[in-house]
Amino acid sequence: MGERVERQHVLGVHGIRQGRTSQRELTKDWTEALERGVGGLRSTADSQDRPPAVPAVEVPHWTALLAQKTGSLSGGDLVPTDLTPFTADEEAFVSQALDDLLTSEERAYAARTDPTTLGLPKLWPASVTRIAMAYDRRKPGGAVAKLIGALREVHLYLTRSDLAAQVRAHVTEAASEHTSVLIGHSLGSVIAYDLIRRGEIAAPGAAGAALHTFVTCGSPLAIPTVRRGLAVPDGEAMALPPHIRWVNVFDPGDVITGGAGLAAAAPAVLDVHVDNGRIDPHAATRYLRTVPVARAVTGTWT
């Protein structure tokens, strides 16, 4: 059995569609999911070893903050839906992000596709619809609509600097000198990486200076267009301070990840595949109860 560390304080950054919950409920749900994962480690621990401790968890509800002040990235007037027309910038962002995921054959199919074909939301621009129809052939059943919804909210975070700054400040307010593990799920992984990249957390003199582990789950950071939105040019590696271990947990069936890990974009990252089942492989609680996340938050490695 590998090295164990003392009880961790875990700071979580939630993703989209959390407008109808609360910080209390989020923290409860994340804690229960992590307890389930850590419980699996306990069941396999050597009887002579001390079992890993269940981490203390806090998940600040940044959606509520924005809903009170200026609208919300996830549940207020600003949130884009299938009924919300695309802006030109949003159309370009979503089209390019989807194109990042296509094969050459799928791009050829998209080029010759009639965007008026029935089956996808009619308020999508033609450029988005063509590419979405090509991707839908590979991942049928509404997966592409879920991906487009997530990309629109990522775009909102990346382009509304005023809202993004409020989100980051709200998250860092929940960090303490004991915060050692940062977990970001979905859009939360983009926010969390942005916090570290900007030195707003885990930097000397900043909140969370004791942070040593960063966990991303169901992250869209694997999509090049999303990284460009964070000012990470193509070919440039995403990097963290050398003392922070980065573990990326993804289900290849999770459409929000583009079905890929982050090792190609961040050579120091540890990519770990998991199987979250077919019903909702992107769900935060499904990721949080996995063994790789349990090992990350308890500092237990084999």
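Student: Why is A202 called buried?
Tutor: Buried means under 20% relative accessible area. A202 has a relative accessible area of 3%, so A202 is buried. The model is a predicted one, and A202 sits in the loop between α8 and β4.

Student: What makes the phi of A202 worth a remark?
Tutor: Phi of A202 is near 70°, a positive value in a residue other than glycine. Most residues other than glycine have a negative phi.

Student: Which value does the phi of S186 take, and where is S186 found?
Tutor: Its phi is near 60°, again a positive value in a residue other than glycine. S186 belongs to the loop between β3 and α8.

Student: Why does S186 count as buried?
Tutor: The cut-off is under 20%. S186 has 4% relative accessibility, so S186 counts as buried.

Student: What makes the six strands one open sheet?
Tutor: They line up in the order β2-β1-β3-β4-β5-β6, and the pairing is parallel. The sheet has edge strands, β2 (56-58) and β6 (270-273), and each of these pairs on one side only. From one strand to the next the twist averages 20°.

Student: How do you know that β3 and β4 are paired?
Tutor: Two strands pair if there are at least two bridges between them. Five bridges join β3 (residues 179-185) to β4 (residues 213-217), and the two strands run parallel. Along this pairing I183 stands opposite V215 in β4, and H185 stands opposite C217 in β4.

Student: Which strand pairs with β3 over five bridges in the parallel sense, and which residue stands opposite I183?
Tutor: Strand β1 (residues 9-13) is the partner, in the parallel sense and over five bridges. G12 stands opposite I183 in β3.

Student: How do you know that β4 pairs with β5?
Tutor: At least two bridges are needed. β4 and strand β5 (residues 245-250) have five, in the parallel sense. In this pairing T213 stands opposite R245 in β5.

Student: What connects β4 to β5 along the chain?
Tutor: The chain crosses through helix α9 (residues 224-229), and this β-α-β crossover is right-handed.

Student: Why is β4 described as mostly covered?
Tutor: Five of its five residues are buried. Both faces of β4 are covered: T213, V215 and C217 are buried on one side, and F214 and T216 are buried on the other. This split fits a general pattern, because in a regular strand the side chains alternate between the two faces of the sheet.

Student: How many residues of β3 are buried?
Tutor: Seven of its seven residues are buried, and β3 is mostly covered.

Student: How do you know that the length of helix α6 agrees with what is expected?
Tutor: The expected span is 1.5 Å times one less than the number of residues. Helix α6 (residues 143-159) has 17 residues and should span 24 Å; its end C-alpha atoms are 24 Å apart, so the two agree.

Student: Why is α6 said to be largely enclosed?
Tutor: 14 of the 17 residues of α6 are buried, so α6 is largely enclosed by the rest of the structure.

Student: What makes T298 buried, and where is T298 found?
Tutor: T298 is at 4% relative accessibility and therefore counts as buried, the cut-off being under 20%. T298 is found in helix α11 (residues 291-298).

Student: Which backbone oxygen does the side chain of T298 reach, and why is this a polar contact?
Tutor: The side chain of T298 reaches the backbone oxygen of A294 at 2.7 Å. A polar contact requires a pair of N or O atoms within 3.5 Å, so the distance meets that limit.

Student: How many residues apart along the chain are T298 and T213?
Tutor: They are 85 residues apart along the chain, and their C-alpha atoms are separated by 10.0 Å.

Student: Why is T27 called buried?
Tutor: T27 has a relative accessible area of 15%, so T27 is buried, since the cut-off is under 20%. T27 lies in helix α1 (residues 23-44).

Student: Which residues does T27 touch, not counting residues up to four places away in sequence?
Tutor: T27 touches V57, E58 and V59.

Methods: Residues are numbered from 1 along each chain as its sequence is written. This is a predicted model: local features need pLDDT of at least 70, side-chain atom pairs count only at pLDDT 80 or more; totals for chains, interfaces and linings use all residues. Side-chain values use heavy atoms; hydrogens and water are left out. Helices (H or I, at least four residues) and strands (E, at least two) are DSSP runs, numbered from the N terminus. Buried means under 20% relative accessible area, exposed over 50%, partly exposed in between (1.4 Å probe, protein chains only). A polar contact is a pair of N or O atoms within 3.5 Å; within protein, one must be able to donate a hydrogen and the other to accept it, and residues adjacent in sequence count only if both atoms are side-chain atoms. Contact means heavy atoms within 4.5 Å. Axes are lines fitted to C-alpha atoms, for helices over the stretch in contact, and angles run from 0 to 180 degrees between N-to-C directions. A crossover is right-handed if, with the strands pointing away from the viewer, the path from the first strand over the helix to the second runs clockwise.
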